[in-house]
There are 2 protein chains.
Amino acid sequence: MKGYITLTDASLRDGNHAVRHQLTIGQIARYAQAADEAGIDIVEVGHGNGLGASSALLGKAASNDAEMLVSVRAKLRRSKLGIHFIPGTGKLSDIEVALEAGVDVFRLASHCTEANITRQFIEYVRHAGKTAYGVLMMSHMADAGEILNQSRLMQSYGAHAIVLMDSAGFSTPDLVKEKVERLIGGLSIPVGYHAHNNLGLAIANSIAAAESGATLLDACVRGIGAGAGNTQLETLVPVLERYGYRTGTDFERIVSLATRTDEVLPICTPHIAIANIITGVFGLFSGFAPHIERLASELKIDSFELCQALAHRKLVAGQEDVIVEEAHRLSAMNA
Amino acid sequence: MKGYITLTDASLRDGNHAVRHQLTIGQIARYAQAADEAGIDIVEVGHGNGLGASSALLGKAASNDAEMLVSVRAKLRRSKLGIHFIPGTGKLSDIEVALEAGVDVFRLASHCTEANITRQFIEYVRHAGKTAYGVLMMSHMADAGEILNQSRLMQSYGAHAIVLMDSAGFSTPDLVKEKVERLIGGLSIPVGYHAHNNLGLAIANSIAAAESGATLLDACVRGIGAGAGNTQLETLVPVLERYGYRTGTDFERIVSLATRTDEVLPICTPHIAIANIITGVFGLFSGFAPHIERLASELKIDSFELCQALAHRKLVAGQEDVIVEEAHRLSAMNA
């Protein structure tokens, strides 16, 4: 038997991308209760882009952060309550709202080369006596050495763990193994992995992370999430069992959770659309796909060409305005 | 740069499962032409269960074998035309129909421990001067040594290649590696792999097969296929490119094929439903899922329990009647 894998169920946060952040309080509360009863360790909640992200550019959420967090808090008995936070998208006052609502686990995220922006937030959360994870997004855009350096910064700020996000769904198991092994060798805190399924490799990458020493994994019911979606919880759990890992749940309880999900969270499983594969191949943030599709259709430009242009500019999450700019440039070139 | 991977596009055969074998001649002909133009090596066509399978038990197909094969034959310039054949489901006269229609590649399949039933058909196809692959279905139900023995039988009958099918979508990359490496070491003919996506591992298993020496891979556009579907062609090709393999096509041509598919083959990408995961975990044939779902609903029995019972009886493809029998047994026990 191998070790214990702590599961974060991000259905109510990354999964919110799948419905343009329109999860209702009723859906959120009912699913959180079901996840808690199924033995999920951490239930992550909020706008797809995290605390304070509800806006015209990133999408207005159906509910505000405090409402979502308070309603989930009331339903959790065993599971911890988690949030995602990107400095700049969210402010310190958003962290205060989350503390007041009883959040246990704060996942403080930056682009993979900008760990320094998380310092004051990691320190603040630690000072408040809560758990602070450092999260490196778009982790395919830096090599293993740089990822280790950035993770060490977060560790020095007091992070309790480091989570690598493959935000673009670009990675393959060999790349995951290289980075996670480097972190395990160079850090004194646990390591986690958050996969996206753009290349159909979310499960394989999650297992590669575990086999390389990661002890925290993210998943979503039905695989709902930005772009082609996240690691599907219902497949991850039995595959982890096959590989000999323990979790707070088991396959039979996950089958029950999936069955209850039919009633409480009627959201289609994402499929891997060609737009998701293109963003994955070019290493672009999964959340860009709907913007790219819409602009390509409106301006009658080729989405493959637009992705090539965005990849050339090494665009990262938060630069959604540049997609509009590049789309209009391509459209003008065609005119 | 690694070697060349021969791609079989099974969208018009295994993908026929996704629409209960109702692909029309128009859809078949138009998609075959698009696949040919995209540089696919082999286009496989027919009822989901192969030649001669159209029946009340396995599902009546919208078109007969000869119509399907003749219409595709007329569209292929570069691609070879392939069929799937299971002795018992199909008869020698069905092979004759396929020869007359101009089929190039005959994939002669048996349950993984019954290679001997393919002998006369492999010999017949070889005698007719065509390519004969030996196919071992449900390959998770025998260990690597037994798979090698059965493959050697097919090789001794004259098979040009051996294809392992993970018909239940049960396998993980480590299991694939073990079996494919054993075949590569013990056979003198090429080895292929046909994955199903029940555990979200179709791409990872296909890559594991290639990295272990397999040079033939099966895939379907959008991943359409029995159960949770097959390896998705549009993700397989860029991932193979990432790993350094050559194919007859490339990612940009696959993007074009996917775009044309929107018009010619309007079939939804399968998602990994909980029923597919249960059959995958228990190692049951992917094609059983709709039968299990229907019977569970009609007889008000638990599909998880039904799968456990079927797995206990080590049910294999072709034993669809036993599902009905077990379902009624469970229903009677509950009454």
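**Helix H11(B) crosses helix H12(B).** Angles under 35 degrees count as roughly parallel, over 145 as roughly antiparallel, 65 to 115 as roughly perpendicular and the rest as oblique. The model shown here is predicted, so local features need pLDDT of at least 70 and side-chain atom pairs count only at pLDDT 80 or more, while totals for chains, interfaces and linings use all residues. Residues are numbered from 1 along each chain as its sequence is written, chains are lettered from A and ligands numbered from 1 in the order in which they are written, and side-chain values use heavy atoms, with hydrogens and water left out.

In this view, H11 (residues 289-299) and H12 (residues 303-312) of chain B cross at roughly 125°, and their axes come within 9 Å (axes are lines fitted to C-alpha atoms, for helices over the stretch in contact, and angles run from 0 to 180 degrees between N-to-C directions; helices, H or I of at least four residues, and strands, E of at least two, are DSSP runs numbered from the N terminus). H11(B) and H12(B) are therefore oblique to each other. Their crossing is right-handed (the near helix is turned clockwise from the far one by less than a right angle; anticlockwise would be left-handed). H11(B) brings Ile292(B), Glu293(B) and Ala296(B) to the contact, and H12(B) brings Ser303(B), Leu306(B), Cys307(B) and Leu310(B) (contact means heavy atoms within 4.5 Å). Five of these residues are nonpolar, one is polar and one is charged (Ala, Val, Leu, Ile, Met, Phe, Trp, Tyr, Cys and Pro count as nonpolar, Asp, Glu, Lys and Arg as charged, and the others, Gly among them, as polar).

**Helix H11(B) also packs with helix H13(B).** Here H11(B) meets H13 (residues 320-334) of chain B at an angle of about 25°, with the axes 10 Å apart. That makes H11(B) roughly parallel to H13(B), and the crossing is right-handed. Look for His291(B), Ile292(B), Leu295(B) and Leu299(B) in H11(B), which meet Glu320(B), Ile323(B), Val324(B), Ala327(B), His328(B) and Ser331(B) in H13(B). The contact has six nonpolar, three polar and one charged residues.

**Helix H9(A) packs with helix H10(B).** H9 (residues 251-264) of chain A and H10 (residues 274-282) of chain B lie with their axes 11 Å apart, at an angle of about 165°. H9(A) and H10(B) are therefore roughly antiparallel, and their crossing is left-handed. On one side are Phe251(A), Val255(A) and Ala258(A), which meet Ile274(B), Ile277(B), Ile278(B) and Val281(B) on the other. Seven nonpolar residues make this contact, with no polar and no charged ones.

**The largest cavity has residues of both chains near its centre**. Three cavities of 30 Å³ or more turn up in the whole structure, and the largest has a volume of about 350 Å³ (on a 1 Å grid over the protein atoms alone, a cavity is a set of points where a 1.4 Å probe fits but cannot get out, and a pocket is an open set with protein on both sides within 12 Å along at least five of seven lines; lining residues have an atom within 4 Å of a point; grid points are joined across faces, edges and corners, and a volume is the space filled by probe spheres set on the points). Of its 29 lining residues, Asn197(A), Pro270(A), Ile272(A), Asn197(B) and Ile272(B) lie nearest the centre. Helix H7 (202-211) of chain A and helix H7 (202-211) of chain B each supply at least two lining residues. The lining comprises ten nonpolar, 17 polar and two charged residues.

**Helix H11(A) helps to line the second largest pocket**. This pocket holds about 710 Å³ of space. Its lining counts 30 residues, with His17(A), Ala18(A), Arg20(A), Gly227(A) and Pro290(A) closest to the centre. Helix H10 (274-282) and helix H11 (289-299) of chain A are the elements that give two or more residues, and H11(A) has the largest share, five residues. By class, 14 lining residues are nonpolar, twelve polar and four charged.
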